[in-house]
Amino acid sequence: MTNYQEIWNKVLEKLKDESGEASFNEIFSNAKEVYKFENNYVYVSVPNELIKFRINQYYSKKIKEFTDNLTNSPIGFKFITKKDIEKEVKINNGSKFVQPDAKNVGRNLSSIYRFDNFVVGESNRFAFLTSMKVAENPVMVCNPLYIFGDVGVGKTHLMTSIGNFMLDNNINTNVVYTSSQKFAEDYFLATSKNSRDKIMSFYEKYNSADLLLVDDIQFLEGKQATQEEFFKIFEELVNKNKQIILTSDRPANSLKNVMARLKSRFTWGISVSINQPDHNLLINILKKKLSILIEDPNDVPNDVLDILANYFPSNIRDLEGALRTYVNYCICMNCPFTKDNLYIALEQLLPSKANKIDSTKEIITKAIDVVCDYYKVSTNDILSTSRKQQIVFARQMLMYILKVNLNIPLQTIGDSLGNRDHATVSHGIDKITILLKKDNLSKTDYNNLYKKLLEE
Ligand code: ADP
Ligand code: MG
């Protein structure tokens, strides 16, 4: 009979050689024991969810590779926490099976937003790690956890992941998810009829939370009465040692027209920001989302992903929508995943302001003006054959914006910019595509130009 513990010991040795003693100990020092073997899986017990998550996220490929080299049997490794084991033992002993509680049936927490489909990069790493810690040790790490950042950077996803994580650990956790607008509406409806029952059920809903998630807290600004109510609920939950998570588009101390005592409660715990994603993170998110949409994400060429990431540099929600539109277009029209088809599919998604300018000529003239003004060059320079670095760069950036953002055909771009041919325009666009990937200054230029184009 195969000795699975021995195989795991050998895999551990290889992992140690590969990752070095310090990182190895951090993850695997308490993950050495095989718990059981079932359905071709060897279950190794690990101390907690964080370790389980890290192993699955960062080491699963290596573990598979080492295992395949060590044995011919088709086995895999799974990791199981002490808590999972306790649950399993309880069920096997015939003790009372934990039934989902009615209060969680129909809860409005989206089950798709989870830690394991949240892609981590520089801009969200601290927020992510703190959220994981809070989910594992509610109240102990901080209360409240305040997550802030611009629209579409992943605040709701991260906050919801905490809720799902806690529910996965204990299905009877009463997770109450709301937005501050919904909270205000609930309060308004509870008080408008002057019915005692309605008010009681309002308090019951919020005060019974084990975990209260309030999204977009900035909308409490200026709502004095709602703030008073929220303050009471906040105090009650904190006193009962219940975790509160808040999200906002700005730091707590920048909230205006919010009662000082409420603001000071918000800053009690830990504030974490999610910053603007960098190009790498956007590409990794696109790949992750693609793996759900199509069988082989490699079918979509990298330059398509680059263009998409440049097109939606800051709002991941818009980025995801564009990806979905593109994939759907190619599948429905039965056409390949190419750059050209991306431009066609995205035509419908052009920002509405840009759409309003109906003639192509007008769009081009406007883009030329914006770019010339930004780089302090003249229209004649742009149309000329000058090879001065600053002029070439401005011209290529203009080509890029005309094609990628405004979807003007290559030939028309060439004709409008001093009768250049199709290949020259294409070359210019490729240069900027590459530059935007690695050069932050060009990326800032591009973002500014794009904003200006939409503003005017
Ligand atoms: P916010 O609340 O900050 O406006 P959301 O959490 O609603 O943003 O995120 C918008 C979309 O982008 C969601 O579909 C979410 O899944 C996705 N998203 C954001 N950040 C990430 C990430 N790091 N990994 C995977 N998906 C992400
Ligand atoms: Mg949100």
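Let's start with ligand 1. In this predicted model, 18 residues sit around ligand 1, and those that come nearest are Val 119, Gly 152, Thr 156, His 157 and Glu 320. Which side chains place a polar atom by an oxygen atom of ligand 1? Tyr 113, Thr 156 and His 157 each do so, and the table gives the distances.

| Side chain | Partner | Distance |
|---|---|---|
| Tyr 113 (N or O atom) | oxygen atom of ligand 1 | 3.4 Å |
| Thr 156 (polar atom) | oxygen atom of ligand 1 | 2.7 Å |
| His 157 (N or O atom) | oxygen atom of ligand 1 | 2.7 Å |

So much for the ligand; now the chain itself. How is the protein chain divided? Start with domain 1, which covers 4–87, and domain 2, which covers 115–274. After those come domain 3 at 290–345 and domain 4 at 353–455. If you look back at the residues around the ligand, Thr 156 and His 157 are among those that come nearest, and their numbers fall inside the bounds of domain 2.

Next, have a look at how domain 1 and domain 2 meet. Their C-alpha centres lie 35 Å apart. Seven residues from domain 1 and nine residues from domain 2 take part in the contact. How much area is buried between domain 1 and domain 2? About 790 Å², and carbon and sulfur atoms give 56% of that. On the domain 1 side, the residues that lose the most area to domain 2 are Glu 49, Leu 50 and Phe 53. Together, this trio makes up 56% of what that side buries.

What about charges and polar atoms at this interface? The rule finds zero salt bridges across the interface of domain 1 and domain 2. For residue pairs in polar contact, with both at pLDDT 80 or more, the count across this interface is zero as well. Two elements, α3 (49–70) and α4 (82–92), give two or more residues to the side of domain 1 that touches domain 2. Of these, α3 gives the most, with four residues. Sorted by class, that side of domain 1 has two nonpolar, one polar and four charged residues.

Salt bridges do turn up elsewhere, though: the structure holds 23 of them. One links the side chains of Lys 64 and Asp 68, at 2.8 Å from N to O. Where do Lys 64 and Asp 68 lie? Both are in helix α3, four residues apart, which is about one turn of the helix.

Finally, take a peek at the loop between α5 (125–136) and β4 (145–148), where you'll find Pro 144. A cis peptide bond joins Asn 143 and Pro 144, with omega at about 0°. Val 139 lies in the loop between α5 and β4 too. What is phi of Val 139? The angle is near 75°, a positive value in a residue other than glycine.

Note on methods:
Residues are numbered from 1 along each chain as its sequence is written. Chains are lettered from A and ligands numbered from 1 in the order in which they are written. This is a predicted model: local features need pLDDT of at least 70, side-chain atom pairs count only at pLDDT 80 or more; totals for chains, interfaces and linings use all residues. Side-chain values use heavy atoms; hydrogens and water are left out. Domain bounds come from an automatic or database domain assignment. Contact means heavy atoms within 4.5 Å. Buried area is the accessible area (1.4 Å probe) that two parts lose on being put together, summed over both. A salt bridge is a side-chain nitrogen of Lys or Arg within 4 Å of a carboxyl oxygen of Asp or Glu. A polar contact is a pair of N or O atoms within 3.5 Å; within protein, one must be able to donate a hydrogen and the other to accept it, and residues adjacent in sequence count only if both atoms are side-chain atoms. Ala, Val, Leu, Ile, Met, Phe, Trp, Tyr, Cys and Pro count as nonpolar, Asp, Glu, Lys and Arg as charged, and the others, Gly among them, as polar. A residue is near a molecule or strand if one of its heavy atoms lies within 4 Å of it.
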